[in-house]
Amino acid sequence: MRQALAPQEQPGLPSNFAYTTMRRIRREQRESQRRQRIAAFLIVAAVAALGIGGLVYMFGPTIWQSFVDMSKQPDALSLALPTLFCLAFFALLNRLLARHYINSDSTAPLR
């Protein structure tokens with residue numbers, strides 16, 4: 001009976017309250033950044049798909065006719081292979097430079 005009538009202590013904060021709070025804030029920030037990256041990727045993909053779709057819709061027959069005419073010429077393959085090689089080279093160079101400069105920036109978030 002005495003224990004029931006005695007004033008009870010107010011529950012205090014745990015000893016690691018600051019640590020757990022900061023950990024939760026960091027986790028929520030990571031989740032927010034992840035959602036933003038996903039949204040940005042989806043927007044870029046949608047814009048690229050709409051752009052390619054618009055080009056195909058507007059210039060599809062012309063592009064197809066150009067490919068057909070190019071395939072009929074005997075020296076067309078000799079032009080297409082260096083072009084594909086250059087495109088592959090520049091895509092690889094872009095990837096390498098982006099990786100180098102993005103990772104060397106100390107303010108960029110780690111991925």
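**Notebook: helices, surface patches and confidence**

I began with the secondary structure and counted three helices and zero strands in the protein, with the elements running α-α-α from the N terminus on. I note at the outset that this is a predicted model, and I therefore looked up the confidence before going further, since pLDDT is the predictor's confidence in each residue.

The mean pLDDT of the protein is 84, and 83% of the residues score at least 70. Element by element, helix H1, residues 2–5, has the lowest mean pLDDT, at 64, whereas H2 has the highest, at 92.

Next I turned to the overall exposure, where I found that 3% of the 111 residues in the protein are buried. The accessible surface amounts to about 10,900 Å², and carbon and sulfur atoms account for 66% of that area.

Which residues gather in a patch of positive charge on the surface? I listed Arg 23, Arg 24, Arg 26, Arg 27 and Arg 30 for this patch. I then took Arg 30 by itself and placed this residue in helix H2, which spans residues 17–72. Arg 30 counts as exposed because its relative accessible area of 52% is over the 50% cut-off for that class.

I also looked for nonpolar side chains at the surface and found a patch of about 960 Å², made by Leu 55, Tyr 57, Met 58, Phe 59, Ile 63, Trp 64, Phe 67 and Met 70. Leu 55, one of these residues, lies in helix H2, the element with the highest mean pLDDT. Is Leu 55 exposed or partly exposed? Its relative accessible area is 47%, so I entered Leu 55 as partly exposed, given that the exposed class requires over 50%.

My last entries concern Ala 80, which I located in helix H3, residues 76–104. The relative accessibility of Ala 80 is 24%, and this residue therefore counts as partly exposed, because buried would mean under 20%. I checked its separation from Met 70, a member of the nonpolar patch: the two residues are 10 apart along the chain, and their C-alpha atoms are separated by 9.4 Å.

Note on methods
Residues numbered from 1 in each chain as written. Predicted model: local features only at pLDDT ≥ 70, side-chain atom pairs only at ≥ 80, totals over all residues. Heavy atoms only, no water. Patch = residues over 30% accessible without salt bridge, like charges linked within 9 Å, V, L, I, M, F, W, Y side chains within 5 Å. Areas by Shrake-Rupley, 256 points an atom, 1.4 Å probe, with all protein chains shown as cover. Salt bridge = Lys/Arg side-chain N within 4 Å of Asp/Glu carboxyl O. Lys, Arg positive; Asp, Glu negative; His and termini not counted. Charge placed at Lys NZ, Arg CZ, Asp CG, Glu CD. Helix = DSSP H or I, 4+ residues; strand = E, 2+ residues; numbered from the N terminus. Buried < 20%, exposed > 50% of the residue type's maximum accessible area, 1.4 Å probe, protein only. pLDDT = per-residue confidence, 0-100.
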